[in-house]
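Reader: Hi! I am new to looking at proteins and would love a close look at one part of this one. Could you take me through it step by step?

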Amino acid sequence: DQGPFTHIRLNIFPDGGVARLRAYGVAVPSLPDSEYTLLDLVSANMGGVCIGYSDAHYGHPRNMIKSGRGKDMGDGWETARRLDRPPILLADKEGILKVPGSEWAAFKLGLPGFVRAVEVDTNHFKGNYPDSVIIEAANVDDETAKNILHGPNSADKWKVLLPASKLSAHKQHYFPMEKLACTDRITHIRVRMFPDGGISRIGILGRYDKDSC
């Protein structure tokens, strides 16, 4: 029986001591009474899972979907510095740096749904936060999601959820529905940071799709 489970019991024979006990798995979300309640659809508490990433040199991207604010930089996603930065950095009219590369992390949402707001938190990242971020979304099954991470036609499946947005140091950035480019049903997201750096938390706030649950 693979669960889900709500409790576990540890039996030791015949006696003695155990320092730590951890049970690894994927959370099964408790659905709210109303389908209109806003939830963090990608949260690990809701069953969100990191399914791929480009770099996790200093911190794993799965940290971004933990609950609460990060306790330090190690509690977020941080990449190594990219080596393809141009010698002279130029910015567009929005102040976003024009860089050739980016780092990415992809997630399966715990609950498919309709996004109404996005949060990107650079808490603790004061000198090594990304210049900008783009968040893409897809509405696909699990097998297709694996294929589009690296497949030659992957760009066709991803659509922009949050357009290129400038980030600041050590700050919670909130992007309401008016800032989003897509409000359709989605099952997966891909976070792209430009050019590199660290993000503490992300939040994908929306209504879950009751027909999928």
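Is Cys50 buried or exposed, and what is its relative accessible area?

Author: Happy to help! Keep in mind that this is a predicted model. Cys50 is buried, because its relative accessible area is 18% and the word buried is used for anything under 20%. Another cysteine, Cys182, is also buried, with a relative accessible area of 6%. You may wonder about bonds between cysteines: searching the whole structure turns up zero disulfides.

Burial is a good thread to follow, so let's take it to the strands. Strand S8 covers residues 185-194, and eight of its 10 residues are buried, so S8 is largely enclosed by the rest of the structure. What does S8 pair with? One partner is strand S5 (residues 132-138), which runs antiparallel to S8 and is joined to it by seven bridges. To find this pairing on your screen, look for Ala137, which stands opposite Ile189 in S8. S8 also runs antiparallel to S4, with eight bridges joining the two. Here you can look for Glu103, which stands opposite Met193 in S8.

From S4 you can step across to another strand. S4 spans residues 103-121 and pairs with S7 in the antiparallel sense, over five bridges. Glu119 stands opposite Tyr174 in S7. Now follow the side chains of S7, residues 172-176, because they alternate. His173 and Phe175 point to one face and are buried. Gln172, Tyr174 and Pro176 point to the other face and are not buried. Tyr174, the residue opposite Glu119, therefore belongs to the face of S7 that is not buried.

Let's finish with the segment before S1, the strand at residues 39-40. Pro32 lies in this segment, and a relative accessibility of 19% makes it count as buried. Leaving out residues up to four places away in sequence, Pro32 touches Thr37, Leu39 and Tyr208. Val18 also has its place in the segment before S1, but Val18 counts as partly exposed because its relative accessibility is 48%. Val18 joins Ile8, Leu10, Ile12 and Leu21 in a nonpolar patch on the surface, and together these residues have about 470 Å² of accessible area. How far is Ile8 from Pro32? They are 24 residues apart along the chain, and their C-alpha atoms are separated by 25 Å.

Conventions. Residues numbered from 1 in each chain as written. Predicted model: local features only at pLDDT ≥ 70, side-chain atom pairs only at ≥ 80, totals over all residues. Heavy atoms only, no water. Patch = residues over 30% accessible without salt bridge, like charges linked within 9 Å, V, L, I, M, F, W, Y side chains within 5 Å. Areas by Shrake-Rupley, 256 points an atom, 1.4 Å probe, with all protein chains shown as cover. Salt bridge = Lys/Arg side-chain N within 4 Å of Asp/Glu carboxyl O. Helix = DSSP H or I, 4+ residues; strand = E, 2+ residues; numbered from the N terminus. Buried < 20%, exposed > 50% of the residue type's maximum accessible area, 1.4 Å probe, protein only. Contact = heavy atoms within 4.5 Å. Disulfide = S-S within 2.5 Å. Pairing = 2+ DSSP bridges.
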